Amino acid sequence: MVVRRLPLLVAAWLATWLVAWSQPAWAGPRGDIQKRLAAAMESYDLLEYETARKLLVSALEIAKEGRLEADPLVARIHLNLGIVYFAGLQDKAAARRAFIEAVTIDPKIALDVAYKTPDMSTLLETVRAATAGAGGAAGGKDPPPRDDRGKPPGDPGAAGAAGVDCFTISGLRHRLVESAPRNAPLRIAASLGGDIQAQRVSVFFRAVRAAEFQELALNRDRECTYTGTIPAGAMKGDLLYYYVAALTKAGQVVASSGAPGAPNLIELSDRGAEPGPVIDRSGDGRRDGSSDGRDGRDDGRAGRDDGRAGRDDGRDGRDDGRDGRGKEPGGAQFRGDDRAPQGALVERGGPPGRKAKRGKLSLALGAATGVGYVTGETEQLRNEVKCCLAPGWFTLSAEVGYAVSARLTLAGLLRLGFPVGANIDGHSPLGPAALVRARYALSASPSSLYLGALLGGGIIRNTLKLSDTMDPEMDTDVVALGPLLAGPSVGYIAALGPRFRLHLDLSAIMGIPVVSDLGTSRLNFGVQVDATVGVGVHF
């Protein structure tokens, strides 16, 4: 008894060892990032663009926490985020900024053929050329002053505000805060050049697990400097995300240091604070999610309106862009032409109400050829089948599918077989069948192998050469299989672009004669093997 169970015990041990051995490949932040990348593009393929965007943003957050900002994997996150913005959410300004981030990290990064379009490729190459031409320079500014420890002097949050020449400054300047004391208020400062036309300057911040950013409108201290204090109550935990933005009356972002999808990161601890480098954002499309140099719009992901008219709707903090009115959390009304009260916290929601249509349908047309293993009698002359193989030279199929998930698709299949070569008078010219196909992809990517199963009803008609006839013009009859049809399939779907797919399928369909006759047709048992080539469109 023990000997019989030994192979099972060995197999179980091997399976446990393989699972344990494979765990490190997905351990740590890189594994979490890869999982979110795969899940995001699954959602993109299902046209769930907002879900894809959120997954990619969460992958960026994990990368920041793991100090992986310069990793090529993070470049892929930015590239995919650009794809989602460009082809999904139709926000080319945000796509441009994402592409800038991608090529800054990995200058040779390329679009996957499954998502590549001519316009998207043009934008990426334009960004790549502009980034290469800039040489990675941060605008040619002189480096900020340093103290004897090599640190910028003064309050890290306020650095960059003092000693600013308001006549020569351009863009938005803010010294990044890299660390700060926990449970203590943090002063934030920024300077705004005269080339940026903004109604207010605000800092947006949130905890790691918080869903939304809060807005704090900064006070204007001098002609071009703005300061404010993030309250101690927000300085909890180990990390705080924030970005500084200059906004128009309508809430449109015209310059920023950081962005909702790529915010700046502050490490919170019981130690003192450390300031980071001064960031100059002049609206020229440089790194860090600033304006792209064309319309200066932020990407509409959190903390402001969608760039149309910009009002908060007073219900959930999100801008719906219709009439410029809104409501403060305390109940105070304000209109789009009024500045938000300086130093006041304004709750801002997430993305501005642009919902991706949930499209999961597909249509595929195919042509097949094959051969069948047949038994029984021929359909017209009722000759006994002596040879076991009969060709089915030509079949057309049409399939309408519905994606239940990123990998599972259910489809209705219409199969029309043509018994080419049959020459017995009165033979049927068509073999119709209707089936349901379940298809499971082995990968969530647009190009993937799959396994499937077929079940339905109809008649498969193959041609069979007769051996006991003397008339060469009447020597090929038809063998009918069915009417119950079932069998497995295997295949490969290759992406030809964002919507189109190439379908390659190999199926084995059993014809089971649950009834022996259907009208004048004699039905038999057999197995038809079809090789199908088709083209599908997903919408």
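**A cis proline, a strand with two faces and a helix pair**

Proline 483 lies in the loop that runs between β20 (476–481) and β21 (484–495), and in this predicted model the peptide bond leading from glycine 482 into proline 483 is cis, with omega near 5°.

Two other loops hold residues whose backbone angles deserve a look. Arginine 382, found in the loop between β14 (361–374) and β15 (389–403), has a phi near 55°, which is a positive value in a residue other than glycine. Arginine 382 is partly exposed, its relative accessible area being 32%. Glutamine 90, in the loop between α4 and α5, likewise is not a glycine and has a positive phi, of about 55°. With a relative accessible area of 56%, glutamine 90 is exposed, since the cut-off for that class is over 50%.

The loop of glutamine 90 leads to the two helices on either side of it. Helix α4 (residues 72–88) packs with helix α5 (residues 92–105) at an angle of about 165°, and their axes are 8 Å apart. Because angles over 145 degrees count as roughly antiparallel, α4 is described as roughly antiparallel to α5. The crossing in which α4 passes α5 is left-handed. On the α4 side, the contact is made by Pro72, Val74, Ala75, His78, Leu79, Leu81, Gly82, Ile83, Tyr85 and Phe86, while α5 contributes Lys92, Ala94, Ala95, Ala98, Phe99, Glu101, Ala102 and Ile105. Sorted by residue class, this contact of α4 with α5 comprises 14 nonpolar, two polar and two charged residues.

From the helices we turn to strand β17 (residues 431–441), which pairs with two strands. Strand β16 (residues 408–418) and β17 run in the antiparallel sense, joined over ten bridges, and within this pairing leucine 408 has tyrosine 440 of β17 as its bridge partner. The pairing of β17 with strand β18 (residues 448–458) is also in the antiparallel sense, here over nine bridges, and the bridge partner of leucine 435 in β18 is glycine 456.

Which residues of β17 make up its covered face, and which its uncovered one? The covered face consists of Gly431, Ala433, Leu435, Arg437, Arg439 and Ala441, whereas Pro432, Ala434, Val436, Ala438 and Tyr440 form the uncovered face. Such a division follows because side chains in a regular strand alternate between the two faces of the sheet. Leucine 435, the bridge partner of glycine 456, thus belongs to the covered face, and tyrosine 440, the bridge partner of leucine 408, to the uncovered one.

How values were computed
Residues are numbered from 1 along each chain as its sequence is written. This is a predicted model: local features need pLDDT of at least 70, side-chain atom pairs count only at pLDDT 80 or more; totals for chains, interfaces and linings use all residues. Side-chain values use heavy atoms; hydrogens and water are left out. Axes are lines fitted to C-alpha atoms, for helices over the stretch in contact, and angles run from 0 to 180 degrees between N-to-C directions. Helices (H or I, at least four residues) and strands (E, at least two) are DSSP runs, numbered from the N terminus. Angles under 35 degrees count as roughly parallel, over 145 as roughly antiparallel, 65 to 115 as roughly perpendicular and the rest as oblique. A crossing is left-handed if the near helix is turned anticlockwise from the far one by less than a right angle, and right-handed if clockwise. Contact means heavy atoms within 4.5 Å. Ala, Val, Leu, Ile, Met, Phe, Trp, Tyr, Cys and Pro count as nonpolar, Asp, Glu, Lys and Arg as charged, and the others, Gly among them, as polar. Buried means under 20% relative accessible area, exposed over 50%, partly exposed in between (1.4 Å probe, protein chains only). Two strands pair if DSSP finds at least two bridges between them.
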